[in-house]
Amino acid sequence: LGNWVNNQRKQHAKEKLNGEYVARLDSIGMIWKIHSPWWDMYEKLILYQKENGDTKVPQMYKVDGLGKWVNNQRTRPPKDNYNRNKLNELGFEWTI
């Protein structure tokens, strides 16, 4: 069941589920977004990009630990293709 729910969340995030299906899941209390440290940092990277025009966060950048997190993404890329693709969509700088 856990794998199925996770798959539904991913498909919903990609906007691949039709509205009626989403409404039916909503009616039974589906929780679409769960707290995830990776997603929290990804959202901080989006804000950094909006403010700075790129994703070249210096490793020494201390605000919210974003510099360390970005460095970790570069040295140990996400195994999940979806997360890796989300970074690529931002124009993530894999090497600097």
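Residues with under 20% relative accessible area are classed as buried, those over 50% as exposed, and those in between as partly exposed. In the predicted model described here, tyrosine 61 has a relative accessibility of 26% and is therefore partly exposed. Tyrosine 48, at 9%, is buried. The rings of tyrosine 48 and tyrosine 61 form an edge-to-face aromatic pair, with a centre-to-centre distance of 5.2 Å and an angle of 80 degrees between the planes. This contact joins distant parts of the chain, since tyrosine 48 belongs to helix 3 whereas tyrosine 61 lies in the loop between helix 3 and helix 4, 13 residues apart.

In total, 7 aromatic pairs were identified. Another edge-to-face pair is formed by tryptophan 39 and tyrosine 42, at 5.1 Å centre to centre and with 80 degrees between the planes. Tryptophan 39 and tyrosine 42 are 3 residues apart in helix 3, so about one helical turn separates them. Their exposure was also evaluated: tyrosine 42 is buried, with a relative accessible area of 6%, while tryptophan 39 is partly exposed at 23%. Both rings belong to a cluster linked by ring pairs, which comprises Trp38, Trp39, Tyr42, Trp69 and Tyr82.

In soluble globular proteins, nonpolar side chains tend to be buried together. The largest nonpolar core of the model contains 12 residues, among them the aromatic residues Trp38, Tyr42, Tyr48, Trp69 and Phe92. Its other members are Met41, Leu45, Val57, Leu66, Val70, Leu87 and Leu90. At least two residues of this core come from each of helix 3 (37–52) and helix 4 (66–75). Helix 3 makes the greatest contribution, with 5 residues. A second, separate core of 5 residues includes Val5, Val22, Met30 and Trp32.

The surroundings of phenylalanine 92 were examined with residues up to four places away in sequence excluded. On this basis, phenylalanine 92 touches Leu45, Val70 and Leu87, as well as Thr55, Gln73 and Arg74. Leu45, Val70 and Leu87 are, like Phe92, members of the largest nonpolar core.

Side chains of opposite charge can pair when their charged atoms come close. The model contains 3 salt bridges. Aspartate 80 and lysine 10 form one of them, with the closest N and O atoms 3.3 Å apart. This salt bridge connects distant parts of the chain: lysine 10 is in helix 1 (residues 2–13), aspartate 80 is in the loop between helix 4 and helix 5 (81–89), and the partners are 70 residues apart. Aspartate 80 is partly exposed, with a relative accessible area of 26%, and lysine 10 is likewise partly exposed, at 27%.

A salt bridge is also present between the side chains of lysine 33 and glutamate 43, with an N to O distance of 2.4 Å. Lysine 33 is located in the loop between helix 2 (19–27) and helix 3, whereas glutamate 43 is within helix 3, 10 residues apart. Lysine 33 is exposed, at 54% relative accessible area, and glutamate 43 is partly exposed, at 35%.

Lysine 86 and glutamate 89 also meet through their side chains in a salt bridge, at 3.4 Å from N to O. These residues are 3 positions apart in helix 5 and are therefore separated by about one helical turn. The accessibilities of the two partners fall into separate classes: lysine 86 is buried, at 17% relative accessibility, whereas glutamate 89 is exposed, at 61%.

Conventions: Residues numbered from 1 in each chain as written. Heavy atoms only, no water. Core = buried A, V, L, I, M, F, W, Y, C linked by side-chain atoms within 4.5 Å. Buried < 20%, exposed > 50% of the residue type's maximum accessible area, 1.4 Å probe, protein only. Helix = DSSP H or I, 4+ residues; strand = E, 2+ residues; numbered from the N terminus. Contact = heavy atoms within 4.5 Å. Salt bridge = Lys/Arg side-chain N within 4 Å of Asp/Glu carboxyl O. Phe/Tyr/Trp six-rings, centres within 6.5 Å; stacked < 30°, edge-to-face > 60°.
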